[in-house]
Amino acid sequence: MKKLFSIFLITLFAFAGAQESKETANRFFYELTFKPKKDSARMDKIITILDITPKKSIYQDYTMPAQDSIIKVQIEEMEKTKSFKDMTKLIRWPKFSYKIIKTYPDMKVQYVDRISRNLFSYEDDPKLQWSILPDKQKIGAYNAQKATTEFGGRTWTAWFSSDIPFQDGPYKFKGLPGLIVKIEDGDKNYSWQLSGNKKIENYEELSYADKINAKMGMMSNTVTPTSKEKFLKSYEGYKADPFAESRPYMTAENMSRPMPGTDGTVGDFMKRLEKQVKDFFGSNDNPIEKEQPSDKKKK
């Protein structure tokens with residue numbers, strides 16, 4: 001049962017992780033409106049964050065970090081009472097699990113994501129050729145100027161503000177003389193707009209979920225560099241069977257046991273959890289980069 005409890009936590013918190021730092025950070029909140037399915041007109045909306053520290057920036061979906069205090073309370077209660085609570089009913093899943101890290105001052109891009117228990121990264125440095133235009137307008141509280149570029153098979157229009165002296169922006173976007181406060185592609189499949197910012201003292205990149213999983217020996221927070229090709233191949237296998245590493249422990253005997261904190265068996269719980277994970281992977285068939293550099297070489 002302890003092993004199955006570990007499997008649950010591994011899956012639940014498999015959407016976060018990076019190396020820890022403690023310093024002051026500027027956190028910029030971006031509202032992201034996007035179209036997850038190519039054949040649907042439905043649009044989703046989430047909050048993403050860009051944390052800027054003296055040495056780097058970290059971009060990610062804010063869904064899990066925003067629930068850190070809830071996770072902390074629930075985990076501490078389970079540890080105290082030695083009981084299990086079905087947190088899949090309490091926690092909202094993120095739409096995007098990766099982190100984008102840009103190192104300063106060279107602005108190299110690192111893509112970080114988890115495959116099962118381990119974190120992997122690969123360098124992915126897009127060469128953005130910006131055309132800065134004379135158009136200017138107010139975006140929220142900031143004076144902004146227009147710029148355009150081609151990236152990932154899409155045409156992008158950005159508005160940057162030199163009032164905020166960071167040559168950075170959401171996702172992999174960078175390289176303008178000021179922070180990007182709004183950017184969207186020509187078909188409006190993806191649109192980010194700055195919605196707020198705050199300064200964080202004693203900033204820690206690792207969330208509570210990251211720390212508790214490392215403490216319990218269930219996941220590593222060490223990032224292993226790999227190539228983009230190897231990562232994508234492994235990630236596809238992980239998406240096809242997220243529980244491959246855990247299946248040896250999912251015996252008929254274990255699956256038939258009552259699941260603490262629920263009305264069903266361990267098997268019922270695992271089936272529902274597996275569906276949630278696969279639904280996460282299948283929820284988006286309209287990637288930000290609909291064309292990779294390798295695709296261009298094949299043409």
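This is a dialogue between a visitor and a guide about reading the features of a predicted model.

Visitor: Let's begin with the overall picture. How many helices and strands are there in the protein?

Guide: This is a predicted model, and the protein in it has seven helices and 12 strands. Of its 299 residues, 49% count as buried.

Visitor: And the surface? What share of it belongs to carbon and sulfur atoms?

Guide: The accessible surface of the protein is about 14900 Å², and 51% of that belongs to carbon and sulfur atoms.

Visitor: What can I learn from contacts between residues at least 6 apart in sequence?

Guide: You can ask how far along the chain they reach. Here, 64% of such contacts join residues at least 24 apart.

Visitor: Let's move to a helix. How should I read the span of α2?

Guide: Compare the reach with the expected one. Helix α2 covers residues 68-81, which is 14 residues, and spans 20 Å from its first C-alpha to its last. That is close to the 20 Å expected at 1.5 Å a residue.

Visitor: Which residues of α2 are buried?

Guide: Ile 71, Gln 74, Ile 75 and Met 78 are buried in α2. Looking down the helix axis, you find the buried residues within an arc of 95 degrees, so they line one face of α2.

Visitor: Which exposed residues does the face turned away from the buried side carry?

Guide: That face of α2 carries Ser 69 and Lys 80, both exposed.

Visitor: Gln 74 caught my eye. What is its relative accessibility?

Guide: Gln 74 has a relative accessibility of 13%. The cut-off for buried is under 20%, so Gln 74 counts as buried. You can also place Gln 74 against Phe 84, 10 residues away along the chain: their C-alpha atoms are 9.5 Å apart.

Visitor: What follows α2?

Guide: Lys 82 follows α2, and its phi is positive, near 55 degrees.

Visitor: Where else should I look for a positive phi in a residue other than glycine?

Guide: Lys 188 is one of them, with phi near 60 degrees. Lys 188 sits in the loop between β10 (179-185) and β11, and at 48% relative accessibility it is partly exposed. Asn 202 is another example, with phi near 50 degrees. Asn 202 belongs to strand β11 and is exposed, at a relative accessible area of 60%.

Visitor: Now the strands. In which sense do β2 and β3 pair?

Guide: Strand β2 (residues 44-52) pairs with β3 in the antiparallel sense, over five bridges. The two form a hairpin with three residues between them. To see one bridge, find Ile 52 and its partner in β3, Ser 57.

Visitor: Which strand does β3 pair with besides β2, and over how many bridges?

Guide: β3 also pairs with strand β4 (residues 99-103), in the antiparallel sense over five bridges. There, Lys 56 stands opposite Thr 103 of β4.

Visitor: How many residues of β3 are buried?

Guide: Six of the six residues of β3 (residues 56-61) are buried, so the strand is largely enclosed by the rest of the structure.

Visitor: What about the peptide bond from Tyr 104 to Pro 105: cis or trans?

Guide: Omega is the angle to check. The bond from Tyr 104 to Pro 105 is cis, with omega near 0 degrees. Pro 105 lies in the loop between β4 and β5 (109-115).

Visitor: How do I describe a pair of aromatic rings?

Guide: Use the distance of the centres and the angle of the planes. A search of the whole structure gives 21 aromatic pairs. In one of them, the ring centres of Phe 34 and Tyr 190 are 5.8 Å apart and the planes are at 15 degrees, so the pair is stacked. Phe 34 is in strand β1 (residues 22-34) and Tyr 190 in strand β11 (residues 190-204), so the pair ties together parts 156 residues apart in sequence.

Visitor: Are these two rings' residues buried or exposed?

Guide: Phe 34 is buried, with a relative accessible area of 1%, and Tyr 190 is buried at 0% relative accessibility.

Visitor: One last place: where is Lys 228 found?

Guide: Lys 228 is in helix α4 (residues 228-240). At 15% relative accessibility, Lys 228 counts as buried. Its C-alpha atom is 7.3 Å from that of Glu 123, a residue 105 positions away along the chain.

Note on methods:
Residues are numbered from 1 along each chain as its sequence is written. This is a predicted model: local features need pLDDT of at least 70, side-chain atom pairs count only at pLDDT 80 or more; totals for chains, interfaces and linings use all residues. Side-chain values use heavy atoms; hydrogens and water are left out. Helices (H or I, at least four residues) and strands (E, at least two) are DSSP runs, numbered from the N terminus. The expected span of a helix is 1.5 Å times one less than its number of residues. Buried means under 20% relative accessible area, exposed over 50%, partly exposed in between (1.4 Å probe, protein chains only). The arc is that of the directions from the helix axis to the C-beta atoms. Rings of Phe, Tyr and Trp (its six-membered ring) pair if their centres lie within 6.5 Å; planes under 30 degrees apart count as stacked, over 60 as edge-to-face and the rest as tilted. Contact means heavy atoms within 4.5 Å. Accessible areas come from the Shrake-Rupley method with a 1.4 Å probe; for residues, only the protein chains shown count as cover. Two strands pair if DSSP finds at least two bridges between them.
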